[in-house]
Amino acid sequence: MGNCCSDVGGGMAAVGGTAASAVTGNQNDAVDMFFKSRGIHGLFSQIELSFSASNLRNRDIFSKSDPMVVVYIKERDGAITEVFRTEVVLNSLNPTWITKYTITYHFEVVQTFLFHVFDVDTQFHNVDVKMLKLEEQQSLGEACCALSEIVTKPNRSLTFDLVRREESVTATHSQHRGKLTVHAEECFSSKTTSEMVLRCSDLESKDLFSKSDPFLVISKLVESGISIPVCKTEVLKNDLNPTWKPIFLNIQQVGSKDSPLVIECFNFNSNGKHDLIGKVQKSLADLEKLHSGREGESLFLPTPVGHDFQNKVLKSKLFVDQFSETVQHTFLDYLAAGFELNFMVAIDFTASNGNPRLPDSLHYIDPSGRLNAYQKAIYEVGEVLQFYDADKRFPAWGFGARPIDGPVSHCFNLNGSSNYCEVEGIRGIMMAYTSALFNVSLAGPTLFGHVINKAALIASQSLANDARKYFVLLIITDGVVTDLQETKDALVKASDLPLSILIVGVGGADFKEMEILDADKGERLESSTGRVASRDIVQFVPFRDVQSKSSSQSKGGEISIVQALLAELPTQFLTYMRSRDIKPST
């Protein structure tokens, strides 16, 4: 096996599945407090990252590499901070690590990680991984990605080519360094945990001059067919009838009580080539039945017969001496099932923004490259949401302006086309916005109804086609909406659709009336016909309010507008899905 032993005690200690193995994620208390003071509760799911690699470079002369993964958080300014180390796997170029990294997943933040694989020198094998000096170890390569890129994959697994840092920047053909796979699972500390004491009898001796040194590895089988190790017991020396210390398994951690588990019994070898003594495949429900029936389950061993394998039933048995002890689908469950968030933008081009050619205008394009409030909102919201949109083609509109030789329009395509409204990527939105400033005349009044109805039409058409899409319209405006009742009517109608609307108020206007649209602080919207919105789909944030909170509460000196704006979006998404009984089945 050679791929799931910790470095502690030469790989003989238990890993995972113990009472003390729970790890908590990191949270920014200042940001959380700011959100809660505004009645905003974001999505703070615990995500457990597991790691495996294949075809690693062999840096040892007389044996194989002894790899370890080190995880870093990469800040927006490029600074990196180490946050986690796996155990060391002995003598393996295709390791699967047992220890997992648990992180708090913030939907509204781009969380970028750097994964670095090291070969740990033999002389350090009995040193606690936390005490290892990385400069004394050999690099096997690294990879970088956002957490969003992993959780949006259908099987929540992402495989990278490992490269050297300088190669990723300068080399045209990186030298082969193997691949690293990172798999994400959502954790639920509130779910039932099963405690078990496992025992085996009549194990076969695999050693010539002594009895076997057995240990168990429990793995779960996920839908994609991947086998993910969950825990490893301690190694018991010279024991053919071992009883291991209690194992603690979270039901959600293994999928469900009926999810198949593979329990493998190995004979420990210090060279990493552990002998498989036998295995069984059982669910937690099956193990509970074994306990209640006081029965043992025979181990089997895959045995080659011609070109195939047959399971040879052994006299060795697995016993469950102790066993003690409906899930709502989460936002991440829907992402894993292929649901997408589709980003749309509508920009206020009314005259109250000021002449775009003058520095005091809210639309002024600074030659130095400093972003104005409109650009910043587009960039920061788009930077997060782009990971949840497969094709990254975003509808973009303007309103409140007069296109060349035309009447005032309250919903025109930002790209200047009369046929289609989509642009390519966040860069495409930024370019279309800049171009539009020189091709339209700012006018008025400020009307939201047209763009909301346009977005609702797209969402309605997608719903009719049974597409797994949820739409997010970002409206950026400098003034109070003029068509308030028409806007309410449009929002009430849209509340039945897979659509959320984010409104950012820029500039110094009084936005108190705008907060009426956001049901956080009052009753749900009511249309002119007396119909009440089926749910709250609006999140309104004045840009200046977030900036004014920044200096004392955030490490970087600023709480991002996107953090305040997107905090409720996963809840709005789930409210819609559950209200229509849409399940994330594949």
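This report describes a predicted model of a protein, moving from its overall make-up to its strands and then to single residues.

**Overall make-up**

The protein has 586 residues, of which 54% count as buried, and its secondary structure comprises twelve helices and 25 strands. About 26,200 Å² of the protein is exposed, with 50% of that area supplied by carbon and sulfur atoms.

**An open sheet of four strands**

One part of the fold is an open sheet in which four strands follow the order 3-2-5-6, with antiparallel pairing. Strand 3 (80-85) and strand 6 (138-146) each have a single partner strand and stand at the edges, so one side of each is left without a neighbour in the sheet. On average, and with direction ignored, neighbouring strands of this sheet are turned by 25° against each other. Within the sheet, strand 2, which covers residues 67-74, pairs with strand 3 in the antiparallel sense over five bridges, and Tyr-72 has Glu-82 in strand 3 as its bridge partner.

**Strand 16 and its partners**

Strand 16 (residues 308-324) runs antiparallel to strand 9 (residues 193-201), and seven bridges join the two; here Ser-201 stands opposite Lys-317 of strand 16. Strand 16 also pairs in the antiparallel sense with strand 15 (residues 297-305), this time over eight bridges, and Pro-302 stands opposite Asn-311 in strand 16. Strands 15 and 16 form a hairpin with two residues between them, and Gly-306 in the turn has a positive phi of about 65°.

**A buried lysine**

Which side chain of opposite charge is nearest to Lys-232? Lys-232, which lies in strand 11 (residues 227-232), is buried yet has no salt bridge, and that nearest side chain, Glu-234, is 7.6 Å away. A salt bridge would need a side-chain nitrogen of Lys or Arg within 4 Å of a carboxyl oxygen of Asp or Glu. The side chain of Lys-232 does, however, reach the backbone oxygen of Ala-13 at 2.4 Å.

**Accessibility of selected residues**

The table sets out four residues, with the place of each and its relative accessibility.

| Residue | Place | Relative accessibility |
|---|---|---|
| Glu-264 | strand 13 (residues 261-267) | 17%, buried |
| Gly-293 | helix 4 (residues 284-293) | 38%, partly exposed |
| Asn-55 | loop between strand 1 (44-54) and strand 2 | 48%, partly exposed |
| Asn-91 | loop between strand 3 and strand 4 (101-106) | 17%, buried |

Why does Glu-264 count as buried? Its relative accessibility is 17%, and buried means under 20%. The C-alpha atom of Glu-264 is separated by 6.6 Å from that of Val-280, a residue 16 positions apart from it along the chain. For Gly-293, the C-alpha atom is separated by 9.7 Å from that of Val-320, and these two residues are 27 apart along the chain.

**Backbone details in the loops**

Asn-55 and Asn-91, both listed above, also call for a remark on their backbone. Asn-55 has a positive phi of about 55° although it is not a glycine. Asn-91, likewise a residue other than glycine, has a positive phi near 50°. A further detail concerns Pro-445, which has its place in the loop between strand 22 (440-442) and helix 8 (449-464); the peptide bond leading from Gly-444 to Pro-445 is cis, with omega near 0°.

How values were computed. Residues numbered from 1 in each chain as written. Predicted model: local features only at pLDDT ≥ 70, side-chain atom pairs only at ≥ 80, totals over all residues. Heavy atoms only, no water. Pairing = 2+ DSSP bridges. Axes fitted to C-alpha atoms, helices over the stretch in contact; angles between N-to-C directions. Buried < 20%, exposed > 50% of the residue type's maximum accessible area, 1.4 Å probe, protein only. Lys, Arg positive; Asp, Glu negative; His and termini not counted. Polar contact = N/O pair within 3.5 Å; in protein donor to acceptor, adjacent residues only side chain to side chain. Areas by Shrake-Rupley, 256 points an atom, 1.4 Å probe, with all protein chains shown as cover.
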